[in-house]
Amino acid sequence: MRKVNEENERIKRRYLKYLKAAKRKDPSTVQKAADGILRFEASTNFASFKKFRIEQVIKFRERLEQEISKTTGKPLSKSTISSILAANKGFIFWLADQTGYKQRIRHSDADYFNMDAKGQRVASAVRETPYPSMEMVRHAFNFIPESTEVERRDKALFAFFMLTGARDGAVASLRIKHINMIDGCVYQDAREVRTKNAKTFTTFFLPVDADYLICFTEWLNHLKKERLFGPDDPLFPPAQVKAIDGEFQVSGLKREIYKNANALRKAIRDAFTRADLPPFTPHAFRKTLVKWADTHYPTREAFKAFSQNIGHSSVVTSISAYCPVSIERQGELIKKRT
């Protein structure tokens, strides 16, 4: 059981409420802020924030540089350190305006949480992330078995990601009523679907491969006709597990949506590893599809339509974040003679 300073807990609770209610931050962002502040608090042995000193920050930064990640067994990455420092900088800046703290903390004290320029460049550097080719995706899709209902669900899930490029958090919260098979689209209603930044938009199925659409359509029909699922039931329901003959076995499907996308990510990773490929995540599909769209939607208007289709307000986001020019291609284009 970790040590607790009740006074600190009360002011932290107020700050996190401020982030959520006033600054309208996403719950995951609020949680990261809470985790970052807790790290600093632990480094001071949970001393009251009213006893804040600049020396505490200096020691905290040194400790972060030496800390080993429990996940990777390596030193914390520059991006992780930058995120932790940023969380505390925002908190201390806010704290300087609060009653009981404003005489002890100045706004300029928050600047001591800044990362050095060199480290910040490393932390914010854009790196190429691996993603599967269309051929790799199809190969993994072919290897997904279909002998059980859960396997058919996972195969349909895989196909759906390729048809829409939707984010896994949104897919985990989709219900049957959000699918329009007549127009071939998905209505991502932010009132019910966990879309990024609570954005509501319509996604039309991409014409990438007819087999993906066939697979998904068969799954939807299975839910409606055989499972008798209605409009408010989940599109990709969790498995119902019960103890049968002394063993836990899948006995059906639940009529509730997933609380998070962890199970969906695992299903996709497993699909790739089963085919002896790297364990790509659902988000990697988005980069695969942007690369595909770069060729199949050559006009400015067409690519803009695709960009909107995957939830981007600006086409610049699609190009800069998902369609960067590789170093090899950069060299080819620069050296090419007209």
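Lys-17 is found in helix α1, which covers residues 6-22. In this predicted model, Lys-17 counts as exposed because its relative accessibility is 61%, and exposed here means over 50%. A look across the fold from this lysine takes in Leu-163: the two are 146 residues apart in sequence, and their C-alpha atoms are 38 Å apart in space.

Stepping back to the whole chain, the protein has 14 helices and five strands. Its C-alpha atoms fill a box of roughly 70 × 65 × 35 Å, taken along the principal axes. Of the 338 residues in the protein, 40% are buried. As for how the chain meets itself, 59% of the contacts with a separation of 6 or more are between residues 24 or more positions apart.

Two residues catch the eye for their backbone. Arg-24 has a positive phi of about 60° although it is not a glycine, and it is found in the loop between α1 and α2. Phe-46 is another non-glycine residue with a positive phi, in this case near 60°; Phe-46 is found in the loop between α2 and α3, the latter being residues 54-66. The surroundings of the two can be set side by side. Arg-24 has 67% relative accessibility and therefore counts as exposed. Phe-46, at 13%, counts as buried, because the cut-off for buried is under 20% relative accessible area.

Further along, Ser-83 lies in helix α4, residues 78-95. With a relative accessible area of 39%, Ser-83 is partly exposed, because that class takes in whatever falls between the buried and exposed limits. From C-alpha to C-alpha, Ser-83 and Arg-153 are 37 Å apart in space, with their positions 70 residues apart in sequence.

Now for a helix pair. The axes of α6 (residues 134-142) and α9 (residues 210-226) come within 12 Å and cross at roughly 35°. The crossing of α6 and α9 is left-handed. On the α6 side, Val-137, Arg-138 and Phe-141 take part, and they meet Asp-211, Tyr-212 and Cys-215 of α9. Sorted by type, the residues of this contact come out as four nonpolar, no polar and two charged.

Leu-253 lies in strand β5. This leucine has a relative accessible area of 10% and so is buried. Leaving aside residues up to four places away in sequence, Leu-253 touches Glu-149, Trp-219, Leu-223, Arg-227, Phe-229, Pro-237, Pro-238, Ala-239 and Gln-240. One of these partners, Pro-237, is 16 residues apart from Leu-253 along the chain, and the C-alpha atoms of the pair are separated by 5.9 Å.

Tyr-258 is found in the loop between β5 (247-253) and α10 (262-274). Its relative accessibility is 14%, so Tyr-258 counts as buried. Again without residues up to four places away in sequence, the tyrosine touches Arg-153, Ala-172, Arg-194, Phe-236, Pro-237, Pro-238, Ala-239, Ala-263 and Leu-264. Pro-237, Pro-238 and Ala-239 thus turn up in the contacts of Leu-253 and also in those of Tyr-258. At a longer reach, Gly-73 is 185 residues apart from Tyr-258 along the chain, and the C-alpha atoms of the two are separated by 31 Å.

That leaves the open space in the model. Rolling a probe the size of a water molecule over the atoms shows where empty space is left. The largest pocket holds about 670 Å³ of space. It is lined by 22 residues, and the closest to its centre are Asp-26, Ser-28, Arg-194, Thr-195 and Lys-196. Two elements, α2 (27-43) and α8 (168-172), give two or more residues to the lining. By type, the lining divides into seven nonpolar, seven polar and eight charged residues. Arg-194 links this pocket to the loop described above: it is among the residues closest to the pocket centre, and it is also among the residues that Tyr-258 touches.

Notes:
Residues numbered from 1 in each chain as written. Predicted model: local features only at pLDDT ≥ 70, side-chain atom pairs only at ≥ 80, totals over all residues. Heavy atoms only, no water. 1 Å grid on protein atoms, 1.4 Å probe; cavity = no way out; pocket = protein on both sides within 12 Å on 5 of 7 lines; lining within 4 Å. Points joined across faces, edges and corners; volume = space filled by probe spheres on them. Helix = DSSP H or I, 4+ residues; strand = E, 2+ residues; numbered from the N terminus. Nonpolar A, V, L, I, M, F, W, Y, C, P; charged D, E, K, R; others polar. Axes fitted to C-alpha atoms, helices over the stretch in contact; angles between N-to-C directions. Left-handed = near helix turned anticlockwise from the far one by under 90°. Contact = heavy atoms within 4.5 Å. Buried < 20%, exposed > 50% of the residue type's maximum accessible area, 1.4 Å probe, protein only.
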